[in-house]
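Let's take a walk through part of a protein, one helix and a few strands at a time. Have the picture open and follow along.

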Amino acid sequence: MTRRLILGSTSPYRRELMQRLAIPFETAAPDIDETRYDGESARDMVLRLSLQKAQAVAAQYPDALIIGSDQCAVLHEQVIGKPGNHDNAVKQLQNASGQTVAFLTGLCLYDSRDGSYQLDVVPFAVDFRELSDAEIDAYLHKDQPYNCAGSFRSESLGITLFKRMHGDDPSALMGLPLIRLSEMLRTVGISLLD
């Protein structure tokens with residue numbers, strides 16, 4: 001690969017997902033305001049933030065391909081953020097119990113050489129089983145997913161909270177849709193199997 005590939009994220013989960021592709025990449029922290037605009041849909045928000053993250057990093061790398069990504073969880077048409085602490089996580093999981101939570105993951109591949117980009121949203125949904133308060137508390141103490149939207153880690157014990165999953169790309173649920181990213185990379189001439 002002749003172009004530098006930069007993941008515009010400091011998320012350990014996204015870095016771990018990128019490593020699955022077995023290609024060289026670097027990470028850089030995008031310094032942007034991630035506040036949702038008044039009246040902005042969840043879909044529009046993740047598209048905007050994915051592009052803004054890539055553009056913010058592109059300023060440091062004038063001849064690179066930059067990956068920007070953003071994710072949000074939606075329950076009853078309300079955006080669910082990262083809980084940040086145990087009490088908030090309990091509330092989130094109590095609300096999700098027996099419900100379907102939709103995850104929208106925005107993805108941008110930005111070419112800092114000419115400012116062109118590909119931008120998409122990859123949806124994924126999970127049906128939670130009915131959860132008791134004791135199960136929620138036990139899960140949170142074991143996995144401590146306080147920096148994860150929706151208060152769970154599907155790649156860990158969080159999978160035990162689900163009844164069913166819906167979507168084309170399970171890596172989208174973890175924050176970086178690798179199937180769609182692979183398609184974007186092929187579009188700019190990067191084959192992952194060479």
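Here's a tour that starts at a helix and then moves on to the strands. Keep in mind that this is a predicted model.

Start by finding helix α3, which covers residues 86-96. Just at its N-terminal end sits a cap, Asn85: one of its side-chain oxygens lies 3.2 Å from the backbone nitrogen of Asp87. Now look along the helix for residues that are tucked away, and you'll find Ala89, Val90, Gln92, Leu93 and Ala96 buried. Why do they line one face of the helix? Looking down the axis of α3, the buried residues fall within an arc of 165°, so they share one face. It helps to know that an α-helix has 3.6 residues a turn, so residues three or four places apart point the same way. Flip to the face turned away from the buried side, and you meet the exposed residues Asp87 and Asn95.

What do the buried residues of α3 pack against? Their partners are the strands β3, β4, β5 and β6, plus helix α4. Just after α3, Gly98 has a positive phi of about 75°.

Next up is β5 (100-111). This strand is mostly covered, with 10 of its 12 residues buried. On one hand, β5 pairs with β3 in the antiparallel sense over 10 bridges, and Ile67 stands opposite Leu109 of β5. On the other hand, β5 and β6 run antiparallel and are joined by 11 bridges; here Leu107 has Asp120 in β6 as its bridge partner. β5 and β6 make a hairpin with five residues between them, and in that turn Gly115 has a positive phi of about 80°.

Note on methods. Residues numbered from 1 in each chain as written. Predicted model: local features only at pLDDT ≥ 70, side-chain atom pairs only at ≥ 80, totals over all residues. Heavy atoms only, no water. Buried < 20%, exposed > 50% of the residue type's maximum accessible area, 1.4 Å probe, protein only. Helix = DSSP H or I, 4+ residues; strand = E, 2+ residues; numbered from the N terminus. Arc of directions from axis to C-beta. Contact = heavy atoms within 4.5 Å. Polar contact = N/O pair within 3.5 Å; in protein donor to acceptor, adjacent residues only side chain to side chain. Pairing = 2+ DSSP bridges.
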